[in-house]
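Got the model open in your viewer? Here's a short walk through it, one selection at a time.

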Amino acid sequence: MKKQIEINLTPDKISFPSILQSEASRRLSVPSEKISAVIPLRRSIDARSKNVVFRFLVDVYINEKPDLSNRLIQYKPVSEKHKVIIVGFGPAGMYAALRLIELGIKPIVIERGKDVQSRRKDIRAIHQEQIVNPDSNYCFGEGGAGAYSDGKLYTRATKRGDVRKVLKILVQHGANPEILIDTHPHIGSNKLPKIVQQIRHTILSNGGEIHFNSRVTDFIIKDNLILGVRVNDNVEILSDAVILAAGHSARDIFYLLHKKGILIQPKAFALGVRIEHPQSLINEIQYHTKEKHPNLPAASYSLACNVNERGVYSFCMCPGGIIVPASTAQNEIVVNGMSVSRRDSPYANSGFVVEVTEKEFQQYEKDYPFSALQLQTEVEQRCFQLANNTQKAPAQKVTDFVEGKISSTLPKSSYIAGLTSAELHKELPSFVTRRIKIAFKIFDKEMKGYYSDEAILVAPESRTSSPIRVPRDRETYMHLQIENLFPCGEGAGYAGGIVSAAIDGENCANAVAAALKK
């Protein structure tokens with residue numbers, strides 16, 4: 001017999017491996033020896049009251065053994081009958097490649113950046129030497145933006161595909177199995193590279209190809225049918241279809257699509273800053289005590305409100321994390337957040353962004369279809385100028401931002417590249433600053449102490465999603481004009497995070513397989 005129940009545990013009890021079985025025995029009034037297994041299905045933290053608890057949803061097996069066989073996905077060598085090019089090796093490209101192998105189709109991955117280990121040197125150069133390699137950075141390279149920016153796996157895209165399968169593939173390639181039960185699963189930037197390497201091995205060992213340091217410089221198209229791509233200006237690679245999963249920062253791909261007469265459209269995104277607090281302050285607010293229990297993780301938060309018909313919300317919150325430079329060109333500043341698996345930094349940071357709609361970027365109508373992209377670019381380049389043409393990002397105390405004065409001193413920050421005091425309240429677009437100021441009053445009511453002299457704003461948080469959509473058919477996933485071109489993932493405007501991008505990669509692979517059968 002199997003029963004499903006919820007078990008609540010205090011932080012003191014969470015350290016005992018047998019506690020779930022004893023609690024299940026007590027709750028169900030069943031002798032412990034009759035319980036064959038207690039299998040956790042979901043784990044979350046409930047901090048709504050002063051008594052913080054871990055909530056477990058579990059299956060309890062009574063006089064019955066559960067099926068614990070490890071149902072790994074079986075990948076087999078592919079044939080050469082069909083070949084599909086995948087542009088980009090972030091989450092969308094990786095999962096598209098894995099799914100194509102499941103389907104017996106050969107993937108040929110074209111990645112402009114380096115392998116995940118070689119990227120480290122270029123990432124270090126941004127922090128320490130203010131040098132941005134446009135093809136190898138926090139956004140570009142094996143693993144995409146997710147590999148070195150945290151590995152948060154929470155998604156609301158549960159109706160788009162099999163979220164659990166996405167997580168199981170990560171576990172199969174080395175991720176901690178706890179991501180299968182955590183409500184807000186997280187891997188950590190220190191562990192993701194090895195997982196990415198294992199995924200690469202799976203693809204290569206089953207007949208797939210991966211080409212690093214390979215920038216797509218042209219699409220080979222005849223009679224509105226894509227035949228392949230040209231790489232690094234001189235190498236032609238042909239295929240039966242192309243999955244375009246280049247990521248939200250691949251601006252050169254957007255311009256190339258437009259140059260080739262391939263339809264693209266401006267798309268709403270979000271724009272703002274990174275806000276950073278001492279993690280101890282966030283812990284105190286969320287856990288209602290100055291002394292966090294050692295069994296509780298660094299506290300997180302999620303905030304959202306509507307200000308003057310625009311959404312204002314926290315984005316990509318990183319408890320126990322750091323702010324990182326995510327620029328993809330030398331003349332811009334972009335910031336993002338990440339954390340390692342332990343989440344043990346003394347800082348908490350989050351995007352604090354305002355929805356950007358057509359009303360805000362219509363002043364760039366002359367730049368259509370790059371009107372939203374132009375707004376995004378101008379903000380990033382202006383922040384670079386404010387930082388005296390370095391990666392020392394412009395920053396301001398939260399209280400000074402609201403009061404409209406420059407910060408004479410700045411709090412300590414996790415941002416290794418350094419900070420430059422700037423009047424962000426004047427320099428960022430007014431539709432952003434006005435709404436952020438109002439949102440502070442709202443958020444501080446939800447989290448008393450959030451508006452704090454200890455908090456700092458670092459700008460800009462601008463790569464929340466792609467400012468371009470590459471339109472596709474809802475049923476076939478194929479571009480509206482170009483046959484066998486499949487726009488995919490964040491860069492095409494159809495995902496917003498690791499898991500949703502991975503799901504979209506799988507969906508595009510399925511669509512390719514269906515198209516090739518016709």
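Start by picking Gly104, which follows helix α2 and has a positive phi, near 80°. This is a predicted model, by the way, so treat the tour as a look at a prediction.

Now step back and select α2 itself, residues 91-102. The helix has 12 residues and reaches 16 Å from its first C-alpha to its last, close to the 16 Å expected at 1.5 Å a residue. How many of its residues are buried? The count is 11 of 12, so α2 is mostly covered, with buried meaning under 20% relative accessible area. Colour the buried ones and you'll light up Pro91, Ala92, Gly93, Met94, Tyr95, Ala96, Ala97, Leu98, Arg99, Leu100 and Ile101.

Next, add helix α15, residues 498-517. The axes of α2 and α15 are 7 Å apart, and the two helices pack at an angle of about 40°. That makes α2 and α15 oblique to each other, and α2 passes α15 in a right-handed crossing. Show side chains where they meet: on the α2 side, look for Pro91, Ala92, Tyr95, Ala96, Arg99, Leu100 and Glu102. Their partners in α15 include Ile498, Ala501, Ala502, Gly505 and Glu506.

From α15, slide back to Ala495, in the loop between α14 (489-492) and α15. Is Ala495 buried or exposed? It counts as buried, at 14% relative accessibility. Leaving aside neighbours within four places in sequence, Ala495 is in contact with Arg160, Gly489, Glu490, Ser500 and Ala501. Try a distance too: from Ala495 to Leu103 is 23 Å, C-alpha to C-alpha, and the pair are 392 residues apart in sequence.

Time for a different helix. Select α3, residues 119-129, and pick out its buried residues: Arg119, Asp122, Ile123, Ala125, Ile126 and His127. What covers them? The cover includes α4 (144-147) and β15 (322-325), so bring those up as well. Just after α3, click Gln130, which takes a positive phi of about 65°.

Last stop: Asn336, in strand β16 (residues 335-338). Asn336 is buried, with a relative accessible area of 16%. Turn on its side chain and that of Arg274, and you'll find a polar contact of 3.5 Å joining the two. Not counting residues up to four places away in sequence, Asn336 also touches others, among them Ser149, Cys316, Ile322, Ile323, Val324, Ala326 and Glu461.

Conventions:
Residues are numbered from 1 along each chain as its sequence is written. This is a predicted model: local features need pLDDT of at least 70, side-chain atom pairs count only at pLDDT 80 or more; totals for chains, interfaces and linings use all residues. Side-chain values use heavy atoms; hydrogens and water are left out. Helices (H or I, at least four residues) and strands (E, at least two) are DSSP runs, numbered from the N terminus. The expected span of a helix is 1.5 Å times one less than its number of residues. Buried means under 20% relative accessible area, exposed over 50%, partly exposed in between (1.4 Å probe, protein chains only). A polar contact is a pair of N or O atoms within 3.5 Å; within protein, one must be able to donate a hydrogen and the other to accept it, and residues adjacent in sequence count only if both atoms are side-chain atoms. Contact means heavy atoms within 4.5 Å. Axes are lines fitted to C-alpha atoms, for helices over the stretch in contact, and angles run from 0 to 180 degrees between N-to-C directions. Angles under 35 degrees count as roughly parallel, over 145 as roughly antiparallel, 65 to 115 as roughly perpendicular and the rest as oblique. A crossing is left-handed if the near helix is turned anticlockwise from the far one by less than a right angle, and right-handed if clockwise.
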